[in-house]
Amino acid sequence: MLLPLSVFADVRAGDPLAMERILWYYDGYMNKLCTRTLYELDGTPHVRVDEYMKHRLQNKLIRAILKDSP
């Protein structure tokens, strides 16, 4: 299900709950983009979400939405 454009308008009007809704909507996609395979010293792989990269993506999304706010 797509987000209605009114949610983006609410964000631009200053509604923090609308921003949370947008971040939640894109959470799975950002997790997928930020998934990394890390290896232990013995070669055992561990798949993890790179939280630093995820926070950077979230910040870029927030800035893009608020870029032309009045």
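**Notes on a predicted four-helix, two-strand chain**

1. Let me start with burial, since it colours the rest. Of the 70 residues in the protein chain, buried ones make up 19%. Please keep in mind as you read that this is a predicted model. The chain exposes about 5600 Å², and carbon and sulfur atoms supply 60% of that area.

2. On overall architecture, the protein chain holds four helices and two strands. Followed along the sequence, they come in the order α-α-α-β-β-α. The radius of gyration is 16 Å, well over the 11 Å that the globule rule gives for 70 residues, so the chain is more spread out than a compact globule. The C-alpha trace spans about 55 × 25 × 15 Å along its principal axes. As for contacts with a separation of 6 or more, 38% of them are between residues 24 or more positions apart.

3. Helix α2 is a nice place to look next. Which residues of α2, running over 16–25, are buried? They are Ala18, Met19, Ile22 and Leu23. These four cover an arc of only 140° around the axis, which puts them on the same side of α2. Leu17, Glu20 and Trp24, on the other side of the helix, are exposed. You may like to colour the two sets separately in your viewer.

4. What do the buried residues of α2 pack against? Their partners are α1 (5–12), α3 (27–33) and α4 (51–66). At the start of α2 there is also a polar detail to look at: a side-chain oxygen of Asp15 comes to within 3.0 Å of the backbone nitrogen of Leu17.

5. Val7 shows the α1 side of this packing. The residue sits in helix α1 and is buried, with a relative accessible area of 3%. Setting aside neighbours within four places in sequence, Val7 is in contact with Ala18, Arg21 and Ile22. Two of these contacts, Ala18 and Ile22, are among the buried residues of α2. For a sense of distance, Val7 and Tyr39 are 32 residues apart in sequence, and their C-alpha atoms are 40 Å apart in space.

6. Gln58 gives the view from helix α4, where this residue lies. Is Gln58 buried or exposed? With a relative accessibility of 14%, Gln58 counts as buried, because the cut-off for that class is under 20%. Neighbours within four places in sequence left aside, Gln58 is in contact with Leu23, Asp27 and Met30. Leu23 belongs to the buried set of α2.

7. Lys54 is also in helix α4, and I would give this residue a careful look. Lys54 is buried, at a relative accessible area of 9%. Not counting residues up to four places away in sequence, Lys54 touches Asp27, Met30, Asn31, Cys34 and Val49. With Asn31 there is a polar contact of 2.8 Å, joining the two side chains. Asp27 and Met30 appear in the contacts of Gln58 too. Gly14 lies 40 residues from Lys54 in sequence and 23 Å from it in space, C-alpha to C-alpha.

8. Glu51, likewise found in helix α4, has a relative accessible area of 42%, so Glu51 is partly exposed. Glu51 and Ile65 are 14 residues apart along the chain, with 21 Å separating their C-alpha atoms.

9. Finally, the aromatics. How many aromatic pairs does a search of the whole structure find? The search finds one. Tyr25 and Tyr26 form this pair, which is edge-to-face, with 5.0 Å from centre to centre and 85° between the planes. Tyr25 counts as partly exposed at 31% relative accessibility, and Tyr26, with a relative accessible area of 27%, is partly exposed as well.

Definitions and conventions:
Residues numbered from 1 in each chain as written. Predicted model: local features only at pLDDT ≥ 70, side-chain atom pairs only at ≥ 80, totals over all residues. Heavy atoms only, no water. Buried < 20%, exposed > 50% of the residue type's maximum accessible area, 1.4 Å probe, protein only. Arc of directions from axis to C-beta. Contact = heavy atoms within 4.5 Å. Polar contact = N/O pair within 3.5 Å; in protein donor to acceptor, adjacent residues only side chain to side chain. Phe/Tyr/Trp six-rings, centres within 6.5 Å; stacked < 30°, edge-to-face > 60°. Rg over C-alpha atoms; globule rule 2.2 N^0.38 Å. Areas by Shrake-Rupley, 256 points an atom, 1.4 Å probe, with all protein chains shown as cover.
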